[in-house]
Amino acid sequence: MQLELLDYLIIAVFIAITLYIGLKYKSQAGKDISEFFLGGRNLPWYIAGISMVATTFAADTPLAVTELVAQNGIAGNWLWWNMLAGGMLTTFFFARYWRRANVLTDLELIEIRYSGNPAKFLRGFRAIYFGLFMNVLIIGWVNVALMSLLEVFFDIPASEQIYYVAAAMVVVALYSAMSGLLGVAFTDVIQFVIAMIGSIVLAIIVLNSDEIGGIQNLKSNLPEGTLSFFPTIGSENSGTMLVLGFSSFFAFIGIQWWASWYPGAEPGGGGYIAQRMMSTKSEKDAIYSTLFFQIAHYCIRPWPWIIVALCAVVLYPDLSPEDSKLGYVMAMKDYLPTGLKGLLLVAFFAAYMSTISTQLNWGTSYLINDFYNRFLNKTADDRQQIKASRIVTVLIMIVAIFVTTQIKTISGVWAFIIECGAGLGLVMILRWYWWRINAWSEIVATIAPFIGYALTKYIFVLHDPTWGMGIGENPKGFFFTVGFTTISWIVATYMSKTDGEVLKEFYDRIQPEGDWRHFRKDWKIQRLAILAVCWLSAIIMAYCILFSTGSLILQDYIYAAMYLCTAILSFILMRVCARKVEIFK
């Protein structure tokens with residue numbers, strides 16, 4: 001497909017603005033490593049919050065939502081909507097702790113919380129494991145999604161797509177290496193605004209096209225059950241397209257959000273979410289930024305994608321389930337006029353760049369602060385650290401390009417990451433609230449899921465094929481891995497010792513609630529109970545905002561009003577409880 005001159009001009013202006021921001025913050029990012037990775041710990045909550053949302057809006061996200069809707073209706077989005085509970089847990093229980101810790105990376109916390117050689121090993125191991133191994137897998141799947149866009153939109157042969165992706169990564173690596181987190185965060189804001197405008201414009205144009213004819217015609221032409229917000233549990237004959245067995249529903253809603261590590265939804269906070277919280281001005285900003293992130297990420301941003309996905313179900317009925325995600329790109333190609341094609345391509349590239357830039361900066365922070373500075377060059381000055389950071393950014397880019405060529409399916413990477421982190425989450429949560437957790441707890445909880453995963457996928461499956469199924473089909477393998485990991489780290493916890501002096505320093509620094517019996521007499525159970533009410537009311541509020549927005553778009557005004565009223569009541573309850581524990585002060 002050929003673009004017009006106006007389309008190319010829009011793309012060129014966007015790239016120029018991005019590189020300008022990189023140059024603008026180059027000198028500030030070069031002052032020291034704190035400026036490079038945390039922006040001087042001076043980001044306002046709305047910049048940090050938007051940056052979080054922008055990072056989780058990658059080139060693959062609209063395609064993934066389109067695939068979920070095509071195969072399972074709107075309710076299919078519960079496969080990621082379920083993670084809201086974990087995100088809100090971070091907001092009310094952990095955000096202030098991360099800002100209070102005053103560390104450069106979340107891995108630095110390991111040697112503040114734990115002691116001895118096990119803590120040293122854990123910090124170095126996780127720097128490589130998350131900063132390089134997991135990081136390049138994430139970048140790789142985002143690259144594969146961009147390649148799908150290039151194939152459908154431009155008819156670029158598969159053999160040439162990697163070169164275009166590599167060129168895009170070079171641009172991202174260039175401004176990321178120059179400007180550090182400040183440049184990444186401020187370009188995230190611009191990229192998010194562009195990406196959302198592009199998504200909304202596409203939804204409006206496709207919805208009002210002659211082939212669709214508005215929301216009422218769309219609703220009448222969709223298969224029965226497509227518009228249901230909720231899955232049916234334990235039934236094969238239902239009024240919704242997404243049917244989950246009780247065990248699968250329990251796995252998604254009851255376990256996955258707290259048990260599995262997943263980028264952007266780490267139990268207890270962590271990764272680039274923790275990085276953004278640590279970069280804010282204050283504890284209050286850290287809390288506000290994560291609360292904004294949860295609302296924007298789960299409640300507002302998905303609806304333009306869902307509308308286009310619903311239209312694609314009607315417009316492209318012959319797409320196979322495997323290719324259904326391409327309906328989004330085909331709608332872009334078929335319905336956008338000159339100029340808007342350039343805008344939507346910029347929106348996709350903006351989403352892509354915001355994710356890749358964060359992954360590069362975040363991964364580099366681990367490899368520099370928690371491996372290079374800690375083990376290879378303990379006496380490195382600011383100049384050496386910044387130089388090393390820029391070199392490592394480029395090296396991660398090169399490794400990620402290679403890994404991209406090896407990835408066959410995005411869903412395969414998703415499943416691998418979720419199941420190979422199954423059971424780790426509880427340790428990441430409890431280390432803030434239980435003095436007995438130690439470095440061996442976390443080491444075992446990091447390694448055990450791989451053993452559980454290998455047993456289910458390569459041993460048990462030989463006797464029963466259902467062990468190899470995904471969570472949505474038969475979650476027995478996931479349950480086994482969570483149980484195996486949990487038992488393993490509990491045993492390791494009680495077989496190992498803790499260092500009272502290190503624990504005392506950690507407690508004095510963070511002042512956490514929970515069981516710290518050696519350092520205070522009371523547990524402050526009442527405060528934890530009030531925080532739990534804040535958490536639950538915020539979850540209800542967010543889901544009601546989500547469903548109220550959807551009902552309004554679908555012109556179901558009675559339901560929209562009901563959900564909105566519930567959201568308001570939940571917000572009031574959240575504010576009342578938050579004031580009692582002074583969480584927003």
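Biologist: Let's start with helix H4. Which of its residues are buried?

Modeller: In this predicted model, the buried ones are Ile-47, Ala-48, Gly-49, Ile-50, Ser-51, Met-52, Val-53, Ala-54, Thr-55 and Thr-56.

Biologist: What makes you call H4 mostly covered?

Modeller: Just the tally: ten of its twelve residues are buried. To get that label, a residue has to have under 20% relative accessible area.

Biologist: And what covers those buried residues of H4?

Modeller: The cover includes helices H5 (61-72), H10 (158-207), H13 (271-278), H14 (283-300) and H17 (340-376).

Biologist: How do you know that the length of H4 agrees with what a helix should span?

Modeller: H4 covers residues 45-56, and at 1.5 Å a residue its twelve residues should span 16 Å. The C-alpha atoms at its ends are 17 Å apart, so the two values agree.

Biologist: Over to helix H25. Why does Ser-570 count as buried or exposed there?

Modeller: Ser-570 lies in H25 and has 8% relative accessibility, so it counts as buried. The limit is under 20%. Leaving out neighbours within four places in sequence, Ser-570 is in contact with Ser-537, Ile-540 and Met-541.

Biologist: Ile-568 is in H25 too. Why is Ile-568 called partly exposed?

Modeller: Its relative accessibility is 45%. Partly exposed runs between the buried limit of 20% and the exposed limit of 50%, so that label fits.

Biologist: What makes the nonpolar surface patch that includes Ile-568?

Modeller: Leu-564, Ile-568, Leu-569, Phe-571, Ile-572 and Val-576 make it, with an area of about 550 Å². Patch members need over 30% relative accessible area, and Ile-568 has 45%, so it passes.

Biologist: Now the inside. Which residues have the most contacts within the largest nonpolar core?

Modeller: Trp-81, Met-88, Phe-92 and Tyr-352, in a core of 200 residues. Take Met-88: setting aside residues within four places in sequence, it is in contact with Leu-291, Gln-294, Ile-295, Trp-535, Ala-538, Ile-539 and Ala-542.

Biologist: How many salt bridges does the structure hold?

Modeller: There are eleven. In general, side chains of opposite charge can pair when their charged atoms come close.

Biologist: What makes Arg-100 and Glu-283 a salt bridge?

Modeller: Their closest N and O atoms are 3.0 Å apart, and the cut-off is 4 Å, so the pair qualifies.

Biologist: How do you know that Arg-100 and Glu-283 link distant parts of the chain?

Modeller: Arg-100 is in helix H7 and Glu-283 is in helix H14, with their positions 183 residues apart. Arg-100 is partly exposed at 25% relative accessible area, and Glu-283 is partly exposed at 27%.

Biologist: How far apart are N and O in the salt bridge of Asp-370 and Arg-123?

Modeller: They are 2.8 Å apart, N to O. Asp-370 lies in helix H17 and Arg-123 in helix H9 (residues 116-154), so the pair ties together parts 247 residues apart in sequence. Asp-370 and Arg-123 are both buried. They also belong to a network of salt bridges that links Glu-111, Arg-123, Asp-370 and Arg-374.

Biologist: What makes Lys-219 and Asp-556 a salt bridge?

Modeller: The closest N and O atoms are 3.3 Å apart. Lys-219 lies in helix H11 (residues 215-221) and Asp-556 in the loop between helix H24 (525-553) and H25, so this pair ties together parts 337 residues apart in sequence. Asp-556 is partly exposed, with 29% relative accessible area.

Biologist: Back to helix H9, where Tyr-129 is found. Why does Tyr-129 count as buried?

Modeller: It has 7% relative accessibility, so it counts as buried. Not counting residues up to four places away in sequence, Tyr-129 touches Met-134, Cys-420, Thr-446 and Phe-450. Tyr-129 and Tyr-366 are 237 residues apart in sequence, and their C-alpha atoms are 9.7 Å apart in space.

Biologist: One more. What is the phi of Asn-102?

Modeller: It is near 55°, a positive value in a residue other than glycine. Asn-102 lies in the loop between helix H7 (84-101) and helix H8 (110-113), and it is partly exposed at 42%. Glu-582, in the segment after H25, also has a positive phi, about 55°, although it is not a glycine.

Notes
Residues are numbered from 1 along each chain as its sequence is written. This is a predicted model: local features need pLDDT of at least 70, side-chain atom pairs count only at pLDDT 80 or more; totals for chains, interfaces and linings use all residues. Side-chain values use heavy atoms; hydrogens and water are left out. Patches are made of residues with over 30% relative accessible area and no salt bridge: like charges are joined within 9 Å, nonpolar side chains (Val, Leu, Ile, Met, Phe, Trp, Tyr) within 5 Å. Accessible areas come from the Shrake-Rupley method with a 1.4 Å probe; for residues, only the protein chains shown count as cover. A salt bridge is a side-chain nitrogen of Lys or Arg within 4 Å of a carboxyl oxygen of Asp or Glu. Helices (H or I, at least four residues) and strands (E, at least two) are DSSP runs, numbered from the N terminus. Buried means under 20% relative accessible area, exposed over 50%, partly exposed in between (1.4 Å probe, protein chains only). A nonpolar core is a set of buried Ala, Val, Leu, Ile, Met, Phe, Trp, Tyr and Cys residues joined through side-chain atoms within 4.5 Å. Contact means heavy atoms within 4.5 Å. The expected span of a helix is 1.5 Å times one less than its number of residues.
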